[in-house]
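Biologist: I have a structure open and would like to learn how to read it. Could you take me through it one feature at a time?

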Amino acid sequence: VEQYLKHDSQLNNRGYSTPEDNLQEPRHRWYFYKEGFSNQLVTHAIEESNLKKDDIILDPFGGSGTVNLCASQKGVKSVGIEVNPFASFLSKTKQINASKLYLKENIDRDFDLILKGIRRRKKSPLLNFSTFSEFSEKEKWLFNSDVLNSFEGGYSQIKNINQTYASLFKLMLINSAMDNCNAKKDGKCLRYINNWQQENFNQDGFIQSFIQHFSIINEDLRSSALNTSAHIYNSDSRKFLQKSNSIFKLCITSPPYLNSFDYTDVYRPELYLGKFISPAENLIDLRKKTLSSHTNVYLKASNFKSSSLLYNKIISDLNANKELFWNSKLVLMVQSYFEQMEGVIKRLHELGEKNSELWIIVANSAYFNFEIPTDLILGDIATRVGWKLKDIHVLREIFKRGSKYSPDVNSLRESVVIVKK
Ligand SMILES: C[S@@+](CC[C@H](N)C(=O)[O-])C[C@H]1O[C@@H](n2cnc3c(N)ncnc32)[C@H](O)[C@@H]1O
């Protein structure tokens, strides 16, 4: 597999594996999804693949819907599957088209109604929940109650506006709350900003953010209408694909990286704010549906043996050094990640049309000085289940100081593995 690795192709070092580009693009800029990749990578893949009318693009780990939005912007049909209900809501919302009549006559009225609600405030059901506000009596809290109550005031008006466009306003409200949150997403966690107490986020800041988000979305609805609309499903793609018989021509996807990163935890604020999960529920059920890329999922021992020799070698190296790991579940996590990815890649081979392509964007990881070449392993697995390997382009090398647990690993690759049916 290694001979397919290309370090200096035209895809290298263009920022394709990160979402920063998306901040400049209509619709993509409606929410900054830190785990997303660049719309330009997707555009490049679509342009390379000579799709015909009615060909379908699929993304089984759709996240914020970068793939689906690029597809719709180019007039191509697409399907996206995403397990996190906030992310799939976001992806669906970015596909909304507004009629000329609504933009001319009603959008400003809906904006005024929501703004009135924000100003009036309403008691948030999250005030005493977990670490959501100062009333939780913890040392630190995510939102000042003024921010939560302003959010709730706006949210309570959603039922009074045009329901076709309600999720646009819901997104603006979530965005405004997150702009005024005492913690920000930072790698694997939410980290409190240094001066969060002095910042004293309140209703004034919330309203300022709301006006800004409204103006961006309003502008993009007018300037960037879509001719096609994607089908977005909120589901566990491992199960969804088994039941589905939809055929695709191009699948571009970035599964969760094998980096013990629990996305459900980092998106806790959005999930509870947007009422995708009620305070009475916890995140365990959602976690169970996510891929085994972190140890908060339910991991059970399995006798999985892949036909990939590379995978088997890495697992036997990891097992031989198991006692060095900081978390005894890590080897099990790595095993079940590849077992599940093999299942997905195999099913995709069954669902792909003749000559279809699969693009998988992944990063390597390191555990106790072992670098796991995820790109090569997935490339190898793909060939064992019937795909033909085309290329593995290195998108970038992420240089890092050796961490406490992997002092000798100083860089990790992010790549796109391209295989063809
Ligand atoms: C690297 S992100 C994809 C980001 C996406 N490319 C974008 O630009 O927004 C991986 C996504 O897979 C989702 N995911 C994890 N397990 C899943 C599963 N079993 N089924 C569907 N999606 C899943 C995560 O919630 C996360 O949003």
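Biologist: Let me start with one residue: is R27 buried or exposed?

Modeller: Keep in mind that this is a predicted model. A residue counts as buried when its relative accessible area is under 20%. R27 has a value of 0%, so R27 is buried. You will find R27 in the loop between β1 and α1 (39-48).

Biologist: What is its phi angle like?

Modeller: R27 has a positive phi of about 70°, although it is not a glycine. N200 is another residue other than glycine with a positive phi, near 45°. N200 sits in the loop between α7 (196-199) and α8 (203-223). With 48% relative accessibility, N200 counts as partly exposed, whereas R27 is buried.

Biologist: Which residues does Q95 touch, apart from its neighbours in sequence?

Modeller: Leave out residues up to four places away, and the list is R27, N68, L69, S72, L226, T228, S229 and A230. So we meet R27 again here. Q95 belongs to the loop between α3 (85-93) and α4 (100-120), and it counts as buried because its relative accessibility is 5%. Among its partners, N68 also offers a polar contact: the backbone oxygen of N68 is 3.3 Å from a polar atom in the Q95 side chain.

Biologist: How do I read the helix just before that loop? How many residues of α3 are buried?

Modeller: Start with the general idea. An α-helix has 3.6 residues a turn, so residues three or four places apart point the same way. In this case, 8 of the 9 residues of α3 are buried, and the helix is mostly covered. The buried ones are P85, F86, A87, S88, F89, L90, S91 and T93.

Biologist: What covers them?

Modeller: The cover includes α2 (66-73), β3 (77-82), α6 (166-179), β6, α11 (268-273) and α12 (284-288). Look at the start of α3 as well: there a side-chain oxygen of N84 comes to within 2.8 Å of the backbone nitrogen of F86.

Biologist: Now the sheet. What is the order of its strands?

Modeller: The sheet is open, has 8 strands and mixed pairing, and runs β1-β11-β12-β8-β7-β2-β3-β6. Its edge strands are β1 (5-6) and β6 (231-234), each of which pairs on one side only.

Biologist: Which way do the neighbours of β8 run, parallel or antiparallel?

Modeller: You get one of each. Strand β8 (residues 352-363) is joined to β12 (residues 411-420) by 7 bridges, and these two run antiparallel. Strand β7 (residues 248-253) is joined to β8 by 5 bridges, and that pair runs parallel. To find the pairings on screen, look for I360 with its bridge partner V417 in β12, and V362 opposite S415 in β12. On the other pairing, I252 has W359 in β8 as its bridge partner.

Biologist: Why is β8 described as largely enclosed?

Modeller: Because 9 of its 12 residues are buried, β8 is largely enclosed by the rest of the structure. As a general point, in a regular strand the side chains alternate between the two faces of the sheet.

Biologist: And the ligand: which residues are closest to it?

Modeller: Of the 25 residues that surround the ligand, the closest are Y33, S64, T66, E82 and S237. By class, that shell holds 9 nonpolar, 11 polar and 5 charged residues.

Biologist: Where should I look for polar atoms close to the ligand's own atoms?

Modeller: Try three places. A polar side-chain atom of S64 is 2.6 Å from a ligand oxygen. An N or O atom in the side chain of D236 lies 2.9 Å from a nitrogen of the ligand. At L291 the backbone takes part, with an N or O atom 3.1 Å from a ligand nitrogen. The ligand taken alone exposes 610 Å², and the protein buries 99% of that.

Biologist: One last loop residue, please. Is L127 buried or exposed?

Modeller: L127 counts as buried, because its relative accessibility is 6%. L127 lies in the loop between α4 and α5 (145-155). Beyond its neighbours within four places in sequence, L127 is in contact with S133, F135, S136, S145, L148 and N149. For L148, 21 residues apart from L127 along the chain, the C-alpha atoms of the two are separated by 7.4 Å.

Conventions:
Residues numbered from 1 in each chain as written. Predicted model: local features only at pLDDT ≥ 70, side-chain atom pairs only at ≥ 80, totals over all residues. Heavy atoms only, no water. Helix = DSSP H or I, 4+ residues; strand = E, 2+ residues; numbered from the N terminus. Buried < 20%, exposed > 50% of the residue type's maximum accessible area, 1.4 Å probe, protein only. Polar contact = N/O pair within 3.5 Å; in protein donor to acceptor, adjacent residues only side chain to side chain. Contact = heavy atoms within 4.5 Å. Near = heavy atom within 4 Å. Areas by Shrake-Rupley, 256 points an atom, 1.4 Å probe, with all protein chains shown as cover. Nonpolar A, V, L, I, M, F, W, Y, C, P; charged D, E, K, R; others polar. Pairing = 2+ DSSP bridges.
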